[in-house]
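Student: I have a structure open and would like to learn how to read its helix packing, buried residues and backbone oddities. Could you walk me through some cases?

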Amino acid sequence: MKSIQFSFATQLDSIDTLILPVTSNGTLPEGIENIPFLPQLESLTEELYQAGDFSGKVGKTLLLVKPKELNVKRLILVGIGELDKLSTKSYLTALKAAADALDHCGTIATVNALVFVAPNTIGTNSQAWSAMQNAQVFQRSFYDYCHESRGEHSAKEPKLESMVFPCAEQSESVEQGQASALGMALTQDLANMPSNFCTPAYLAETAIQLAEDYGFEVNILDRQQMTEMGMGSFMAVAQGSITPPKMICLSYKGGNAEDAPIALVGKGVTFDTGGISLKPGEAMDEMKYDMGGAATVLGVFKAIGELKPNLNVVGVIPATENMPSANAIKPGDVVTSLSGQTIEILNTDAEGRLILCDALTYTQQTYQPAKIVDMATLTGACIIALGHHVSAVMGNNQQLVTDLITAGENTYDRFWQMPLGEEWDEQLKSNFADMANIGGRAGGSITAAQFLARFTKEVDWAHLDIAGTAWVSGANKGATGRPVPALVEFLLNETQKA
């Protein structure tokens with residue numbers, strides 16, 4: 001994806017396209033500075049408001065070409081509504097509307113004034129936050145899924161090359177926003193790709209390419225190696241498919257050599273039929289998105305490669321299909337995980353936790369991480385509980401959970417904490433093994449996380465259930481790239497703790 005060149009200038013000499021926020025009463029918000037001909041702009045927006053030509057409602061835009069008495073080729077007015085009611089959501093709605101308007105005009109370079117307007121909820125560092133969101137939103141506007149599977153679809157070719165922010169330099173914030181957008185694009189590409197293209201082997205090839213591009217260490221385990229290691233839980237899921245499974249490991253060493261890394265573990269079920277516990281046919285095509293956790297890990301590593309933070313990070317991805325076959329696992333089968341704990345498989349469609357538990361054990365044995373964050377499109381119950389707006393977070397360390405929630409709030413890639421405890425753990429009891437892989441309908445998202453908690457007792461751990469946020473259905477079906485921004489923010493915040 002083409003990258004925008006971002007820069008800063010406190011004095012503007014020439015303007016190709018100016019993006020200007022306008023309130024619902026036709027005025028310009030306070031904080032708009034360093035813009036030439038400001039009095040003329042104020043008169044123009046007032047005149048348009050009085051004439052009923054532009055309301056200033058959130059997300060409404062108006063493009064003016066060579067407006068009279070203004071030395072600018074194009075002027076894009078963007079509504080931000082009532083200033084005292086401006087929220088993070090409405091601010092981002094306005095930004096996305098501006099990016100869409102920009103995408104439909106002939107601009108090559110632009111000055112973006114929206115950087116000065118930040119929601120009241122953001123606090124004192126609003127300019128840096130706004131710069132980050134501007135960079136992320138406008139860079140993301142370039143995204144277009146253009147894979148060979150789309151046939152003759154022409155790739156989007158944005159004309160925009162550069163943007164100048166009329167403010168003091170906020171380079172780190174802009175770099176974070178842009179890197180997050182590039183990581184999100186990779187996550188979207190992988191998740192949107194049909195499963196006959198995006199196989200476990202393809203995910204491994206993507207990791208190898210990232211390693212070549214950014215100097216990561218990479219290690220790929222195959223079926224024989226994992227079987228010999230004793231990954232009986234992961235291999236039980238993989239045995240139903242002729243497509244070879246992979247354990248994909250990436251390592252970034254940006255911190256001190258002696259520092260324990262932060263581990264990101266992502267579920268990589270490249271297609272989930274449910275196995276013998278077969279899913280209904282309706283919307284089963286969307287089960288290509290069941291590798292959203294894996295795609296997120298790779299997207300975060302893309303962003304890490306761009307930003308090069310002073311931190312050690314490892315990524316571990318168990319990747320497989322979940323298929324019904326003569327060799328597939330059956331309800332009632334008992335398998336032995338890498339940890340030595342036995343599992344009675346009551347539902348083969350609860351396969352994500354079966355591959356993750358071995359990946360979590362392997363991560364601890366191999367990398368001795370200081371913290372683990374796993375992410376997975378794990379349960380439909382999470383969608384019922386939280387809808388499609390926020391991801392669930394659970395964990396055994398409250399500070400880690402709080403840090404993730406804070407990162408999510410700052411990026412508006414939000415998490416909501418759900419509980420863990422002995423009551424839910426008891427639902428996993430089995431008469432025939434150390435545990436069952438499901439705990440019944442009640443509290444399904446919690447019991448899934450409680451299952452994983454049995455494999456992370458010796459390390460600070462958090463689990464992200466992204467089933468409701470990794471993709472959208474309907475006419476605009478597609479991957480969202482979440483929660484890449486929140487995890488990038490989380491990792492950058494971790495560098496401040498060193």
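Student: Which residues of helix 5 and helix 8 meet?

Tutor: Keep in mind that this is a predicted model. On the helix 5 side, the contact is made by Leu203, Thr206, Ala207, Leu210 and Tyr214, and they meet Ala294, Leu298, Phe301, Lys302, Gly305 and Glu306 of helix 8. By character, the residues of this contact are seven nonpolar, two polar and two charged.

Student: Why would residues with that sort of spacing share a face?

Tutor: The general idea is that an α-helix has 3.6 residues a turn, so residues three or four places apart point the same way. Here, Leu203, Thr206, Ala207 and Leu210 are among the helix 5 residues in the contact.

Student: At what angle do helix 5 and helix 8 pack?

Tutor: Helix 5 covers residues 200-214, and it packs against helix 8 at an angle of about 10°, with the axes 10 Å apart. Angles under 35 degrees count as roughly parallel, and helix 5 and helix 8 are therefore roughly parallel to each other.

Student: Let me zoom in on helix 8. Is Val300 buried or exposed?

Tutor: Val300 sits in helix 8, which spans residues 292-307. Buried means under 20% relative accessible area; Val300 has 0%, so it is buried.

Student: What does Val300 touch, not counting residues up to four places away in sequence?

Tutor: With those neighbours set aside, Val300 touches Leu264, Val484, Leu487 and Leu491. You can also look at C-alpha separations: Val300 and Ala181 are 119 residues apart along the chain, and their C-alpha atoms are separated by 10.0 Å.

Student: Let me turn to helix 14. How do helix 4 and helix 14 pack?

Tutor: Helix 4 (residues 171-192) packs against helix 14 at an angle of about 135°, with their axes 9 Å apart. Helix 4 and helix 14 are therefore oblique to each other, and their crossing is right-handed. From helix 4, the contact uses Gln176, Ser180, Gly183, Met184 and Thr187, while helix 14 supplies Val484, Pro485, Val488, Glu489 and Leu492. Those residues divide into five nonpolar, four polar and one charged.

Student: And how do helix 11 and helix 14 cross?

Tutor: The axes of helix 11 (residues 398-411) and helix 14 (residues 484-495) come within 8 Å and cross at roughly 120°. This pair is therefore oblique as well: helix 11 and helix 14 fall in that class. The crossing of helix 11 and helix 14 is right-handed.

Student: Which residues meet where helix 11 and helix 14 come together?

Tutor: Leu400, Asp403, Leu404, Ala407, Gly408, Asn410 and Thr411 of helix 11 meet Pro485, Ala486, Leu487, Glu489, Phe490, Asn493 and Glu494 of helix 14. The residues of this contact divide into seven nonpolar, four polar and three charged.

Student: What should I look for in the backbone just before helix 14?

Tutor: Check omega. The peptide bond from Arg482 to Pro483 is cis, with omega near 0°, and Pro483 lies in the loop between strand 20 (478-479) and helix 14.

Student: Where can I find a positive phi in a residue that is not a glycine?

Tutor: Try Lys66, where phi is about 45°. Lys66 is in the loop between strand 3 (61-65) and strand 4 (74-81), and with 65% relative accessibility it counts as exposed. Glu69 is found in the loop between strand 3 and strand 4 too; its phi is near 65°, and with a relative accessible area of 63% Glu69 is exposed.

Student: How many residues of helix 13 are buried?

Tutor: Ten of the ten are buried, so helix 13 is largely enclosed by the rest of the structure. Take Ser445 in helix 13 (residues 444-453): at 2% relative accessibility, it counts as buried.

Student: What does the side chain of Ser445 pair with?

Tutor: A polar contact of 2.7 Å joins the side chains of Ser445 and Thr379. Beyond neighbours within four places in sequence, Ser445 is in contact with residues including Ala381, Cys382, Met394 and Asp465.

Student: And Asn112, buried or exposed?

Tutor: Asn112, in strand 5 (residues 109-112), is buried at 0% relative accessibility. A polar atom of the Asn112 side chain lies 3.0 Å from the backbone nitrogen of Leu114. Among the residues Asn112 touches are Ile19, Asn134, Phe138 and Met163.

Technical notes: Residues numbered from 1 in each chain as written. Predicted model: local features only at pLDDT ≥ 70, side-chain atom pairs only at ≥ 80, totals over all residues. Heavy atoms only, no water. Axes fitted to C-alpha atoms, helices over the stretch in contact; angles between N-to-C directions. Helix = DSSP H or I, 4+ residues; strand = E, 2+ residues; numbered from the N terminus. Parallel < 35°, antiparallel > 145°, perpendicular 65-115°, else oblique. Left-handed = near helix turned anticlockwise from the far one by under 90°. Contact = heavy atoms within 4.5 Å. Nonpolar A, V, L, I, M, F, W, Y, C, P; charged D, E, K, R; others polar. Buried < 20%, exposed > 50% of the residue type's maximum accessible area, 1.4 Å probe, protein only. Polar contact = N/O pair within 3.5 Å; in protein donor to acceptor, adjacent residues only side chain to side chain.
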